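Got the model open in your viewer? Let's walk through it stop by stop, with something to select at each one.

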Amino acid sequence: MADRVGGRPAAPTETTVTGADWDSRDLSGERHEAVLFVDVDMTEASGKGVVFDGCTFRGVRFNAAAFTESAFLNCTFVRSGFFDATLRGCKVLGGLFDGCTHDLMRVEGGDWSFTGLPGADLRRASFTGVRMREADLTGARCGALREVDLSGAMLHRADLSGCDLRGSEISSMDPLTVRLVGAVIDPHQAVVLATALGLEVRAG
């Protein structure tokens with residue numbers, strides 16, 4: 001099991017849902033607290049204003065699921081799949097993703113601060129306009145982090161090769177500890193990285 005940001009333990013669960021078929025279920029407005037979900041099928045599930053608080057998801061399929069303005073607070077995701085899932089304006093605070101798949105996952109807006117994605121393969125996922133302050137991306141492989149707030153994010157050994165970083169806050173990034181070959185950046189970020197490398201940037 002990967003470590004959570006700050007070493008916080010996973011939230012204890014009180015009830016268990018095993019093998020349930022929630023395929024295409026509309027979860028709008030529902031609240032689930034301290035629930036352990038095991039091998040639950042949430043394929044094409046959807047919802048607005050859904051709250052999962054202190055839940056653990058093991059082997060859960062979120063394929064093609066779509067959540068809007070929902071919250072996953074201090075949740076743990078283990079070997080769960082997010083193929084073609086979409087999360088818009090969601091709060092995924094203090095969570096941990098361990099051994100999950102994220103192909104074609106789209107995250108638009110919202111707050112993923114203090115969330116752990118260590119070693120995650122995010123090369124075919126996209127994050128746009130997301131707040132990821134102090135998120136753990138140690139060793140992660142990323143494909144698109146557009147206009148993302150990475151203030152204080154842990155990026156040691158992250159592979160950002162070919163990653164689209166334009167508009168993202170990267171002032172805390174150490175370019176000597178990440179792989180940036182072919183990454184796409186904007187002029188402001190070029191100055192930030194050059195300064196971090198000890199270069200003197202002059203006009204003219």
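Before the first stop, a word on surfaces: accessible areas come from the Shrake-Rupley method with a 1.4 Å probe, and for residues, only the protein chains shown count as cover. On that basis the chain exposes about 9400 Å², and carbon and sulfur atoms supply 50% of this area.

Keep in mind that this is a predicted model, where local features need pLDDT of at least 70 and side-chain atom pairs count only at pLDDT 80 or more, while totals for chains, interfaces and linings use all residues. Residues are numbered from 1 along each chain as its sequence is written, and side-chain values use heavy atoms, with hydrogens and water left out.

**The whole chain**

Show the full cartoon. The chain has one helix and 14 strands (DSSP runs numbered from the N terminus: H or I of at least four residues for helices, E of at least two for strands). Its radius of gyration is 18 Å, close to the 17 Å that the globule rule gives for 204 residues, so the chain is as compact as a globular protein of that length. (That radius is taken over C-alpha atoms, and the rule is 2.2 Å times the number of residues to the power 0.38.) Along its principal axes, the C-alpha trace spans about 65 × 30 × 25 Å. Of the 204 residues, 47% count as buried, meaning under 20% relative accessible area (exposed is over 50%, partly exposed in between; 1.4 Å probe, protein chains only).

**Strand β3 and its partners**

Select residues 35-38, which make up strand β3. Which of its residues are buried on each side? V35 and F37 are buried on one side, and L36 and V38 on the other, so both faces are covered. In general, side chains in a regular strand alternate between the two faces of the sheet.

Now add residues 15-18, strand β1, which runs parallel to β3 and is joined to it by four bridges. (Strands pair if DSSP finds at least two bridges between them.) Click on V17: its bridge partner in β3 is F37. Next, bring in strand β6, residues 56-58, also parallel to β3 and joined to it by three bridges. There, F57 stands opposite F37.

**The six-stranded sheet**

Colour β4, β7, β10, β12, β13 and β14: in the order β4-β7-β10-β12-β13-β14 they form an open sheet with parallel pairing. At the edges are β4 (46-48) and β14 (141-146), each with a single partner strand, so one side of each has no neighbour in the sheet. For a closer look, zoom in on β7 (residues 66-68) and β10 (residues 86-88), a parallel pair with three bridges. T68 is the residue opposite R88 in β10.

**The cysteines**

How many disulfides does the structure hold? Zero, taking a disulfide as a pair of cysteine sulfur atoms within 2.5 Å. From C55, the nearest cysteine sulfur is that of C75, 4.9 Å away. C55 counts as buried, at 1% relative accessibility. Then pick C163, whose nearest cysteine sulfur, that of C142, is 5.5 Å away. C163 is buried too, at 0% relative accessibility.

**The helix**

Last stop: helix α1, residues 187-196, where you'll find Q189. Is Q189 buried or exposed? Buried, at 1% relative accessibility. Show its surroundings: not counting residues up to four places away in sequence, Q189 touches L165, R166, G167, S168 and I170, with contact meaning heavy atoms within 4.5 Å.
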